[in-house]
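Hi there,

Here is the structure I promised to pass on to you. Have a look at it first, then read on for what turned up.

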Amino acid sequence: MTKASVLQFPFKRWSPLTGLCVITLLFVALLSFSGCTRSTGKNDDVDANNASSASTLRIVSTAPSITEALFAIGLGDCVIARSDYCKYPEEAIYLPKIGSLYDYNLEAIAELNPDFVVVLAENETLPAKLKSLGIECVTVNQSDFVGMLESFEELGARASRGVGERRVPEAEEVGRRLRQELQTRVDNLRALTADLERPRTLISIYRTWGTGKIGEVYVAGQNPFFDYVLEIVGAENAAASLPGVAPTVEAEGIVSLNPDVIVDLSTDGTEYSPEERQIRHNERVYDWQSLGAQVKAVENERIYTFFDDYATIPGPRTILFLEELALKLHPELEEIRGDKVETNVP
């Protein structure tokens with residue numbers, strides 16, 4: 001049986017994958033701020049209009065990466081609705097759903113009476129529709145690493161200003177400190193890898209797998225997000241010359257690229273046990289082995305699979321992907337520990 005990964009990436013209109021964006025999100029410890037009141041209900045039919053007090057800021061999230069950012073800066077209890085694909089943290093599962101990607105239920109959003117709706121910059125149609133309904137739209141750009149970090153502070157600043165008495169004064173400082181913490185870890189990682197050999201690395205971001213061969217593969221081409229990732233971890237993008245952020249290549253093209261390393265992003269929204277991960281890893285590697293020793297990554301057994309959702313969701317846990325990938329590429333870097341990302345700093 002063939003399988004296909006489903007995942008979210010910060011790409012702009014790569015339509016063959018748009019319908020495949022199924023996500024899991026960050027689960028972080030939550031701290032309550034003034035302006036956000038914790039809801040304890042766990043029911044898919046929860047009424048967001050009754051779940052919050054009159055003093056609670058009311059925010060609608062339209063993407064898993066946005067939901068992750070909001071929870072990470074302590075605004076989880078202000079989120080009154082989320083996209084269909086937001087699965088983590090656990091609290092988000094029980095919130096009302098308002099659609100996904102470019103197919104949102106505007107009537108449902110309006111009925112929730114939000115203070116504002118947070119939208120990705122890639123979505124060019126929803127802001128105008130919300131404006132026509134008199135609903136404020138806050139746009140964040142998470143399509144590259146720098147924009148992702150900036151979004152924490154931007155969302156915190158908007159929640160700090162609030163709407164009338166409904167505001168979270170501490171949120172801007174929390175967003176700023178989270179951004180600084182992650183930037184420091186990125187800078188430290190870049191310094192550790194600066195003088196190391198930089199293997200030519202191919203990132204497979206989507207493909208059908210489990211067939212015993214390599215068919216059409218979407219790879220990271222001229223992709224600002226993954227170019228930044230590879231630069232930080234001490235690698236070169238083997239597909240940098242290919243046009244587009246997610247070009248497709250087949251077996252012959254991969255042989256021609258001849259990467260030193262293949263990174264297979266295999267997030268499919270499923271939590272696997274260690275035993276199941278090993279099985280899935282073996283299946284994926286077996287596909288790549290069909291290319292033979294003419295590909296250096298196959299010959300030298302440098303094919304690495306990633307199953308955790310933070311490898312594909314731009315957010316606070318992206319640093320964990322960077323650190324894990326750096327260790328795969330440069331196992332001598334024992335200084336990298338992959339420590340837990342601290343969020344909601346009071």
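Let's start with asparagine 113, which counts as exposed because its relative accessibility is 53%, and the cut-off for exposed is over 50%. Keep in mind that this is a predicted model. You'll find asparagine 113 in the loop between helix H5 (106–111) and E6. Its backbone is worth a look too: phi is positive, about 55 degrees, although the residue is not a glycine.

Asparagine 258 also has a positive phi without being a glycine, with a value near 50 degrees. Asparagine 258 sits in the loop between helix H10 (251–257) and E12.

Now for a loop residue that is hidden away. Aspartate 309 belongs to the loop between E13 and helix H13 (318–329). Is aspartate 309 buried or exposed? It is buried, because its relative accessible area is 7% and buried means under 20%. If you want to find aspartate 309 from another spot, try glutamate 271: the two are 38 residues apart along the chain, and their C-alpha atoms are separated by 9.3 Å.

Next, the strands. There is an open sheet of four strands, in the order E3-E2-E6-E7, and the pairing is parallel. Strand E3 (79–81) and strand E7 (137–140) are its edge strands, so each of them pairs on one side only. On average, neighbouring strands in this sheet are turned by 35 degrees against each other, ignoring direction. To see one pairing up close, go to strand E2 (residues 59–61), which is parallel to E3 and joined to it by two bridges. There, isoleucine 59 stands opposite valine 79 of E3. A helix goes with this sheet as well: H7 (residues 145–161) lies across strand E6 (116–120) and E7, and runs at about 160 degrees to E7.

Further along the chain, strand E12 (residues 261–265) and E13 run parallel and are joined by four bridges. One pair of bridge partners there is isoleucine 262 and isoleucine 303, the latter in E13. In a regular strand, side chains alternate between the two faces of the sheet. Strand E13 (residues 303–306) has both faces covered: Ile303 and Thr305 are buried on one side, and Tyr304 and Phe306 are buried on the other.

Helix H11 (residues 274–289) is a good one to rotate on screen. Its 16 residues reach 22 Å from the first C-alpha to the last, close to the 22 Å expected at 1.5 Å a residue. Which residues of H11 are buried? Among them are Arg284, Val285, Asp287 and Trp288. These cover an arc of only 145 degrees around the axis, which means they are on the same side of H11. An α-helix has 3.6 residues a turn, so residues three or four places apart point the same way. On the other side of H11, Glu275 and Tyr286 are exposed. What do the buried residues of H11 pack against? Their partners are strand E8 (200–209), strand E9 (217–219), H10, E12, helix H12 (296–299) and E13.

Last, the nonpolar cores. The largest has 60 residues, and those touching the most other members are Leu75, Phe226, Val233, Leu265, Phe321, Leu322 and Leu325. A second, separate core has 18 residues, including Ile214, Val219, Leu242 and Val298. In soluble globular proteins, nonpolar side chains tend to be buried together.

Have fun exploring!

Technical notes: Residues numbered from 1 in each chain as written. Predicted model: local features only at pLDDT ≥ 70, side-chain atom pairs only at ≥ 80, totals over all residues. Heavy atoms only, no water. Axes fitted to C-alpha atoms, helices over the stretch in contact; angles between N-to-C directions. Contact = heavy atoms within 4.5 Å. Buried < 20%, exposed > 50% of the residue type's maximum accessible area, 1.4 Å probe, protein only. Core = buried A, V, L, I, M, F, W, Y, C linked by side-chain atoms within 4.5 Å. Expected span 1.5 Å × (residues − 1). Arc of directions from axis to C-beta.
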